[in-house]
Amino acid sequence: MGVTKEEIDGRLRSGGLHLIHRGVYAVGHDAITVRGRWMAAVLASGPGAVLSHRSATALWGIWGSGTGETHVTVSRKSRSRHSIRRHFGALPVDEVAERDGIPVTSAARAVLDLAADKGEAAAESALREMEYPGIYGPLSIPALLDRRPHHHGATMVARCLE
C-alpha cells in the first residue's frame, strides 16, 4: 500500500498498528472480533486462501463457534503457523464463496471438510442447520459428493443424506 517498513515500525511503536500475523495489522487497537481474526488468517495465508473446515461452518452459522485455531485452505503447500491451520487443495470456483467480506468455502464444501475432521454427527448437525435457513450454493451436496468421492468426509456425508 506504499507504506515503508520504517513507517510501519513507527506506527507499531506508537500503537497505531498492532501486528496480528506477519504482514497483517489491526489499526488503532488489537481487540478484533472473531471475524476479524478469520479475515486476518486468510490475508496472512496469501492470494487465493479461503476460510475452511470448522471455521467456515462457524462463519456460515451451521456448526461451532469458531474459537480455537482458524482453518484456511490454500492452493499452494504452506505450513500451519501460530493459530492458523492450513490445508492444501485447489478449489473450483463453485466451492468458494464470500460471506461478510471473507473468502470462504461454500457451505456444502465446509460440511464435507467438517465431516472429515469432526465426524458424522457434526456433519449431520451442520446439514440440518443448513436446511433451516436454506443455505445452498451453486453446487449441490450430491454433486459435490459425485465430484469428490474419495474425500475423507464423503462417505459420512452420504450416510447423513440417506
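# Exercises on a predicted model

At 53% relative accessibility, Leu19 counts as exposed, and the exercises below start from this residue in what is a predicted model.

**Exercise 1.** Find where Leu19 sits, and state which residues make a nonpolar surface patch with Leu19.

*Solution.* Begin with the cut-off: a residue is called exposed when its relative accessible area is over 50%, and Leu19, at 53%, meets this condition. Next, locate Leu19 in the chain, where it belongs to strand E1, which covers residues 17-21. Finally, look at the surface around this residue, where Leu12, Leu19 and Tyr25 make a nonpolar patch of about 250 Å².

**Exercise 2.** Decide whether Ser45 is buried or exposed, and list its contacts beyond its neighbours in sequence.

*Solution.* Ser45 is placed in the loop that runs between H2 and strand E3 (50-51). Buried means under 20% relative accessible area, so Ser45, with a value of 2%, counts as buried. Once neighbours within four places in sequence are set aside, the residues in contact with Ser45 are Val72, Val74, Arg76, Ile84 and Arg86. A further distance can be added to this picture, since the C-alpha atoms of Ser45 and Arg79 are separated by 9.5 Å, although the two residues are 34 residues apart along the chain.

**Exercise 3.** Describe the largest nonpolar core, and work out how helix H7 takes part in it.

*Solution.* As a background step, nonpolar side chains in soluble globular proteins tend to be buried together. The largest nonpolar core here has 36 residues, and those with the most contacts inside it are Trp60, Ile62, Val111 and Val157. Among the elements that give two or more residues to this core are helix H3 (53-60), helix H4 (107-118), helix H5 (120-131), helix H6 (141-147) and helix H7 (154-161). The most is given by H4, with seven residues.

Turn now to H7, in which Ala154, Met156, Val157 and Cys160 are buried. Seen down the axis of H7, these buried residues fall within an arc of 165 degrees, and therefore they line one face of the helix. The buried residues of H7 pack against H4, H5 and H6. Val157 gives a detailed example, for when residues up to four places away in sequence are not counted, Val157 touches Val111, Leu112, Ala115, Ala123, Leu127, Ile141 and Leu145.

**Exercise 4.** Compare the positions in the chain of the partners in the salt bridges Lys5 with Asp9, Asp100 with Arg35, and Asp117 with Arg54.

*Solution.* The count of salt bridges in this model comes to 10. In the pair of Lys5 and Asp9, the side chains meet at 3.1 Å, N to O. Being four residues apart in helix H1 (residues 5-14), these two are separated by about one helical turn. Lys5 is exposed, with a relative accessible area of 56%, whereas Asp9 is partly exposed, at 26%.

The salt bridge between Asp100 and Arg35 has an N to O distance of 1.9 Å. This pair links distant parts of the chain, with Asp100 in the loop between strand E6 (96-99) and E7, and Arg35 in helix H2, 65 residues apart.

For Asp117 and Arg54, the closest N and O atoms are 2.8 Å apart. Asp117 lies in helix H4 and Arg54 in helix H3, so this pair ties together parts that are 63 residues apart in sequence. Asp117 is partly exposed, at 35% relative accessible area, and Arg54 is also partly exposed, at 26%. As a last step, note that salt bridges sharing partners join Asp94, Glu95, Arg109, Asp113, Arg147 and Arg148 into one network.

Methods. Residues are numbered from 1 along each chain as its sequence is written. This is a predicted model: local features need pLDDT of at least 70, side-chain atom pairs count only at pLDDT 80 or more; totals for chains, interfaces and linings use all residues. Side-chain values use heavy atoms; hydrogens and water are left out. A nonpolar core is a set of buried Ala, Val, Leu, Ile, Met, Phe, Trp, Tyr and Cys residues joined through side-chain atoms within 4.5 Å. Buried means under 20% relative accessible area, exposed over 50%, partly exposed in between (1.4 Å probe, protein chains only). Contact means heavy atoms within 4.5 Å. The arc is that of the directions from the helix axis to the C-beta atoms. Patches are made of residues with over 30% relative accessible area and no salt bridge: like charges are joined within 9 Å, nonpolar side chains (Val, Leu, Ile, Met, Phe, Trp, Tyr) within 5 Å. Accessible areas come from the Shrake-Rupley method with a 1.4 Å probe; for residues, only the protein chains shown count as cover. A salt bridge is a side-chain nitrogen of Lys or Arg within 4 Å of a carboxyl oxygen of Asp or Glu.
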